[in-house]
2 protein chains.
Amino acid sequence: MLDFWFDFASTYSYPAIMRVAPLAREARVGVRFRPFLLGPIFKSQGWDNSPFNVYEAKGRYMWRDMERLCAGLDLPFRKPDPFPQHSLLAARIALAAFDDGIGDDFCRAVFRAEFAEGKQIGDVGVLESILREFNCDPRAILERAQSGEIKTRLRAQTDEAARLGIFGAPAFVTTDGELFWGNDRLEQALAWAARKR
Amino acid sequence: MLDFWFDFASTYSYPAIMRVAPLAREARVGVRFRPFLLGPIFKSQGWDNSPFNVYEAKGRYMWRDMERLCAGLDLPFRKPDPFPQHSLLAARIALAAFDDGIGDDFCRAVFRAEFAEGKQIGDVGVLESILREFNCDPRAILERAQSGEIKTRLRAQTDEAARLGIFGAPAFVTTDGELFWGNDRLEQALAWAARKR
């Protein structure tokens, strides 16, 4: 079992979420999607914005690296505008959607909307139209997503990420507590999880 | 041709410098070693220390990641104490050593002393004893390393790194200006350089 931690606004989480399911199947490792919020974690490091905006050279490099990376994976890619997108509502809806068994598909669809189609994923209308792709009651999920229970769960999930030592996304954590950071470490994380099965 | 940029104090430059020569041979790509100083570049980003010391969670992760990485490569690994080590003198000596044709070997030996043997690479005695492993006049190289000409060259090399958009080490730059950051990108950088040959 491998926990896959991501923030919907995180650039490198896009190739990671598109790659994780087939690679996990091949490695015969179960994967649990754990959306969380990078905002509070970045804040505790002294940033009130994405480090890719705070550090200009790093940001310029990241956009070019994403272009190359997505081209190599045959993934369509557009720079979100503005960057970063607001990821709070998408994360809350994802938690509600997991309860209905459509969470993983919803998460992938949000990343596709954001990084392939240039959509505003902080917009409730965009998220509702994504939900409509799936066999669910979008209104009921949206309502649940705004409930105190889901808000508390998302806060708890974000606190757990910090406790696990997560400082960026994507991150992968095995059942024995090994942390792997970044899309580049997905294969290694799966291999570790498979060994400890 | 691929330029390999590194700072002697940089942790991920250790696996990179140990891997680059055989991989470059296999890819039939010439590699030029370009030591520079991360200090001024970090300073321009607002850090007066390694980001691995500034950001605790990131630092804790990096040490564990280095352990796993080096174990996988069968590279001996010890955490330098203190970290980061002073890399200025080693970088100046490297520039002088390149002129004598022993630069690449000297650079590898410095990283081995630092990350495998726990030596203090800011210590002139340590660096002199490394030079003595090679067919050279250590005293003459040390003297040249402290000349104004070498000091100017190292400053120019560090300015060039910043101009190329380098914000961390190791970094790889192809002749057509593509920048790749991190030990993880070595294979991709070589493939890019080979394609543009």
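## How the two chains are related

Let us start with the overall arrangement. Chain A can be laid on chain B by a turn of 180 degrees with a shift of 0.0 Å along the axis, and the RMSD of the fit is 0.0 Å. That is the relation of a two-fold axis. The contact residues follow this pattern too: 100% of those in chain A recur in chain B, so the same surface serves both copies. Please keep in mind as you read that this is a predicted model.

To find the axis in the structure, look for Asp184(A). Of the residues of chain A, Asp184(A) comes closest to the rotation axis, with its C-alpha at 3.6 Å.

## Where the chains meet

Next comes the contact between the chains. Chain A gives 21 residues to the contact, and chain B gives 21 residues. Between them, chain A and chain B bury about 2100 Å², and 51% of this area lies on carbon and sulfur atoms.

If you would like a few residues to look up on the chain A side, try Tyr61(A), Arg68(A) and Arg185(A). These three lose the most area to chain B, and together they account for 28% of what that side buries.

## A helix pair in chain A

Within chain A, helix 5 covers residues 88-99 and helix 6 covers residues 103-115. Their axes come within 8 Å and cross at roughly 155 degrees. Angles over 145 degrees count as roughly antiparallel, and helix 5 of chain A and helix 6 of chain A are therefore roughly antiparallel to each other.

On the helix 5 side of chain A, the contact is made by Ala90(A), Ile93(A), Ala94(A), Ala97(A) and Phe98(A). Helix 6 of chain A answers with Gly103(A), Asp104(A), Phe106(A), Cys107(A) and Val110(A). Sorted by kind, the residues of this contact are 8 nonpolar, 1 polar and 1 charged.

## A helix pair in chain B

Chain B offers another pair to explore: helix 7 (residues 124-131) and helix 8 (residues 138-145). These helices of chain B pack at an angle of about 130 degrees, and their axes are 9 Å apart. Helix 7 of chain B and helix 8 of chain B are therefore oblique to each other. Helix 7 of chain B passes helix 8 of chain B in a right-handed crossing.

Which residues of helix 7 of chain B meet helix 8 of chain B? They are Val124(B), Glu128(B) and Leu131(B), and their partners in helix 8 of chain B are Pro138(B), Arg139(B), Ile141(B) and Leu142(B). The residues of this contact divide into 5 nonpolar, no polar and 2 charged.

How values were computed: Residues numbered from 1 in each chain as written. Chains lettered and ligands numbered in written order. Predicted model: local features only at pLDDT ≥ 70, side-chain atom pairs only at ≥ 80, totals over all residues. Heavy atoms only, no water. Least-squares fit on C-alpha atoms with pLDDT ≥ 70 in both. Contact = heavy atoms within 4.5 Å. Axes fitted to C-alpha atoms, helices over the stretch in contact; angles between N-to-C directions. Helix = DSSP H or I, 4+ residues; strand = E, 2+ residues; numbered from the N terminus. Parallel < 35°, antiparallel > 145°, perpendicular 65-115°, else oblique. Left-handed = near helix turned anticlockwise from the far one by under 90°. Nonpolar A, V, L, I, M, F, W, Y, C, P; charged D, E, K, R; others polar. Buried area = accessible area lost by both parts, 1.4 Å probe.
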